[in-house]
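Visitor: Please take me through one part of this model in close detail. I would like to start with the aromatic residues and then see what lies around them.

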Amino acid sequence: MQISRRNFLKYCTMSAASIGLTRLDLEALAAVLAKPDAPTVLWLHGSSCTGCSVSLLNYVSDTAPHDITEVLTQSINLAFHPTIMALSGEASSAALHQAAAAGPYVLVIEGGIPMAYGGHACVVYSYNGHEVTMQEAVQRFAPGAAAILCVGTCSSYGGIPHAGSNPTGVVNVRELTGRPTINIPGCPANPSWVIWAVVQLILGNPVPLDSVGRPVFLYHANGTIHQNCPRNPAVGGEEAAGFEDCHHKCLINLGCRGPFTEAKCENCWNGKEGQGHWCIGVNAPCHGCVEPTFPGPQSFYEPYLPESP
Amino acid sequence: MPTITASIDPVTRIEGHLKIDIEIDTVNGRQQVVEAKAIGTLFRGFEKILGGRDPRDAAIITSRICGVCPTSHAYCAAKAIDAVCGVYPNTAARLLRNLVHGACFLESHLLHFYLLSLPDYIDGPKMAPWMPGLSFDKRLDPATVALLQGHYVEAITMRRLCHEMGAIWGGKLPHTPAFIGGGFTAVADADQVAAFRSHLVTIRDFITDTYVPDVERLAGLYPDYFSIGRGYGNLLSYGVYELDNAGQNVLFQPGVIVDGDGPVQAVDVQAIQEHVAYSWYTDTAAARHPAQGVTEGAYPKGDAYSWLKAPRYQSRPFECGPLARMKASGEYSGGVSVLDRHLARAREAELLADAMMGWLDELPVGAGAYTTCTIPASGVSSGLTEAPRGALGHWLTVEQGRVGRYQVITPTCWTVSPRDEMDQRGPLEEALVGTPIADAASPVEALRVIHSVDPCLDCATHVVEPGTLTERPSAERKERG
């Protein structure tokens with residue numbers, strides 16, 4: 001497909017400050033966008049809830065692309081995404097294989113990879129009459145990918161399907177493939193973070209990662225939720241003792257994992273950046289959903305300390 | 001001509017992983033589906049994920065069963081926690097739960113019709129992921145197709161607005177942390193009520209002026225789909241949207257309807273059994289009430305073909321969803337078919353949006369929505385509600401203050417179940433049989449039947465170890481506000 005990327009470039013220009021692009025980046029982006037063969041995006045769902053895809057549909061910005069429609073029609077070539085693509089059955093898996101064969105692609109993975117039952121706890125499609133497990137699909141498409149983007153905590157670290165006794169033997173993408181991945185954890189992943197990462201990949205920018213594969217810019221560089229929290233006692237907040245009386249109060253005693261969670265969440269969900277909503281804004285403790293320790297065995301409602309490894 | 005065997009794998013435009021095997025033959029001069037198997041291809045095992053946790057965590061963990069009906073699970077779990085603690089939520093909690101759950105219902109219905117179903121009837125934009133598209137009988141003129149394409153794009157915005165509306169008190173969607181046992185974390189202020197109302201007016205207008213007329217337009221052009229995809233016509237609803245704090249009155253009624261148009265009967269939860277004859281779980285005995293069930297994966301296993309179990313009510317297969325709710329509530333008088341399911345869903349969205357307007361008027365501003373909720377050392381409880389796609393039940397057993405057992409039976413488990421030990425097909429399988437197929441290489445007619453029941457395999461294909469079923473709270477409940 002012929003991709004019109006004019007608006008995408010406009011988006012990058014206008015939102016350069018918030019997404020951290022330099023003038024040099026923008027010149028490079030213009031060159032990349034002049035080419036009709038920017039990476040195709042192939043999206044695989046494993047042991048997931050589809051919540052990260054739903055979250056991506058919630059993408060909204062003041063600048064172009066303004067929403068997911070513009071992303072899909074003007075920014076990327078999403079050749080395979082089972083939740084929204086028109087094709088069904090083997091025609092859809094054939095489209096996946098054709099797109100992978102045609103050229104460079106970004107492999108996006110949502111969900112963990114179950115290894116139990118020979119991988120048959122998650123069969124993702126049939127191809128040439130053969131049932132393909134998530135394990136096989138990731139092993140098939142990871143080696144040829146220009147980059148692997150793990151969207152959400154499950155593909156990044158295992159997440160909730162990996163919790164407890166890990167009944168289906170879920171592993172994350174790095175564990176399965178041994179390949180580097182760019183991890184965009186969150187339960188779900190914040191759509192603005194996902195689009196930021198896609199921009200970096202289109203640019204060919206290096207993306208500095210922290211020790212658990214997350215872009216430093218999106219996570220570590222923001223400090224902890226607690227450090228920036230308007231309810232932090234350091235800036236005059238008062239600690240709540242119970243949910244009976246917690247409005248506008250610090251939730252540290254109610255299980256908040258904010259001191260151990262590095263992300264920029266405040267008013268960054270379900271709305272334009274800084275104009276949206278977030279967990280603490282509705283008096284709910286941070287559950288630390290972007291961390292490899294999520295969910296962990298600890299209660300979400302008792303004072304939190306990460307388990308020592 | 002020999003019977004043609006076809007697989008649709010993956011079934012796209014659903015949530016989760018589903019494969020459908022069909023056999024196609026010519027009967028009475030018409031090529032049609034003569035056999036069908038619905039194969040759920042994902043197993044996650046949430047019971048073992050929840051076992052031993054703080055019971056209050058269930059609302060957070062079970063939300064992640066499904067990214068499309070997360071609030072239904074969070075709400076259902078919160079109800080089970082309320083019950084085991086012996087607490088009724090106060091008025092603010094009931095209304096905030098209804099409003100955020102309602103926002104997600106509307107989101108799901110709009111997503112389902114426009115993004116998941118409509119591409120079975122019209123071509124999308126001439127680019128991936130809509131092209132290449134399906135080959136099918138295109139009965140809509142170019143102007144109507146262009147109109148519906150425009151509505152598809154509008155619906156993408158409208159469903160986002162639904163989540164932005166719900167997040168006003170949900171904080172983050174999908175997967176809100178605001179549903180807790182005992183109530184709800186948020187405290188509403190007047191500005192938030194105004195913002196919610198502004199969104200709701202926009203969404204309700206879209207439902208009334210666009211969504212409902214579009215479904216009716218489609219029905220006018222595909223009237224044959226009023227007699228395609230009926231299946232058994234057995235409908236089940238648990239009821240949803242409490243109108244009083246004890247949950248005695250609800251907006252959409254509970255009920256059981258046998259064979260399409262029988263009288264609405266009361267639901268007897270004790271009449272539910274789960275079968276595993278064709279499911280990849282160890283056979284331990286004959287069909288069991290969930291209270292005695294055992295769930296251990298067994299793959300491969302003989303003739304088994306799905307990770308879904310087969311719940312049955314009085315030994316019969318039942319489908320659930322908006323059509324069941326609307327018929328049980330006396331709000332829909334049509335039959336059971338592909339188009340009846342779409343029409344009931346659209347009209348339900350309209351009724352719900354109107355009811356939400358009323359709940360906004362009732363919502364006490366500035367009122368706390370949490371009633372102290374203390375987990376007992378031991379106890380047994382349940383939460384029953386409805387997800388957008390049908391009857392949802394959570395069953396909780398607390399032992400030594402932790403989750404002993406947790407069980408979920410989801411709507412798609414009912415509707416997309418495999419055969420049972422009496423060899424009765426599941427409801428979707430039965431609905432597929434008889435579907436006319438023009439081109440066996442592109443069985444779009446079967447896809448239309450599949451999409452009409454709004455399958456959500458993320459929900460369906462976790463199976464959990466059953467606990468003891470009970471409908472009543474374990475202690476006398478207290479209520480505040």
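**Aromatic pairs and their surroundings**

Guide: We begin in chain B of this predicted model. B:F113 is buried, at a relative accessible area of 2%. B:Y114 is buried too, at 0%. How are the rings of B:F113 and B:Y114 set against each other? Their centres are 4.9 Å apart and their planes stand at 85°. The limit for edge-to-face is over 60 degrees, so B:F113 and B:Y114 make an edge-to-face pair.

B:W280 and B:Y299 form another edge-to-face pair. Here the centres lie 4.7 Å apart, with 75° between the planes. Where do these two residues sit? Both are in the loop between strand 11 (272–275) and strand 12 (310–313) of chain B. They are 19 residues apart in sequence, so the pair ties together separate parts of that loop. Their exposure can be read against the cut-off: buried means under 20% relative accessible area. B:W280 has 10%, so it is buried. B:Y299 has 24%, so it counts as partly exposed.

The pair of B:W280 and B:Y299 belongs to an aromatic cluster. Its other members are A:Y117, B:F43, B:Y281 and B:W307. The cluster therefore draws on chain A as well as chain B. Over all chains, the count comes to 31 aromatic pairs.

Rings also meet charges. The charged end of B:K37 sits over the ring of B:Y305, at 5.0 Å from the ring centre. Another case joins the two chains: the charged end of B:K172 sits over the ring of A:W269, 5.5 Å from its centre.

A:Y117 leads on to the interface. Chain A puts 74 residues in contact with 75 residues of chain B. The buried area between the chains is about 6,300 Å². Carbon and sulfur atoms give 60% of that area. Which residues of chain A lose the most area to chain B? They are A:A86, A:Y117 and A:Y301. Together they account for 10% of what the chain A side buries. A:Y117 thus appears both in the aromatic cluster and in this interface list.

Now the fold of chain A. It holds 11 helices and 9 strands. Of its 309 residues, 65% are buried. Take the contacts between residues at least 6 apart in sequence: 72% of them join residues at least 24 apart.

Five of the strands build an open sheet. What is the strand order? It reads 2-1-3-7-9, with parallel pairing. Strand 2 (77–80) and strand 9 (182–184) stand at the edges. Each has a single partner strand, so one side of each is left without a neighbour in the sheet. From one strand to the next, the twist averages 25°.

Look inside the sheet at strand 3 (residues 105–110) and strand 7 (residues 147–151) of chain A. They pair in the parallel sense over 5 bridges. At one of the positions, A:I109 has A:C150 of strand 7 as its bridge partner.

Helices pack on this sheet. Helix 7 (residues 134–141) of chain A touches strand 1 (40–45) and strand 3. The direction of helix 7 makes about 155° with that of strand 3. Helix 10 (residues 191–203) of chain A lies across strand 3, strand 7 and strand 9. Helix 10 runs at about 175° to strand 7.

Last, some backbone details. A cis peptide bond joins A:F294 and A:P295, with omega about 0°. A:P295 lies in the segment after helix 11 (225–228) of chain A. Chain B has a cis bond from B:D9 to B:P10, with omega near 5°. B:P10 is in the loop between strand 1 (4–8) and strand 2 (18–27) of chain B.

Positive phi values turn up at A:N166 and A:N283. A:N166 is not a glycine, yet its phi is near 45°. This residue is in the loop between helix 8 (153–157) and strand 8 (170–171) of chain A. Is A:N166 buried or exposed? Its relative accessibility is 19%, so it counts as buried. A:N283, also not a glycine, has phi of about 65°. A:N283 is found in the segment after helix 11 of chain A. At 0% relative accessibility, A:N283 is buried.

Terms used
Residues numbered from 1 in each chain as written. Chains lettered and ligands numbered in written order. Predicted model: local features only at pLDDT ≥ 70, side-chain atom pairs only at ≥ 80, totals over all residues. Heavy atoms only, no water. Pairing = 2+ DSSP bridges. Helix = DSSP H or I, 4+ residues; strand = E, 2+ residues; numbered from the N terminus. Axes fitted to C-alpha atoms, helices over the stretch in contact; angles between N-to-C directions. Contact = heavy atoms within 4.5 Å. Phe/Tyr/Trp six-rings, centres within 6.5 Å; stacked < 30°, edge-to-face > 60°. Buried < 20%, exposed > 50% of the residue type's maximum accessible area, 1.4 Å probe, protein only. Lys NZ or Arg CZ within 6 Å of the ring centre and 35° of its normal. Buried area = accessible area lost by both parts, 1.4 Å probe.
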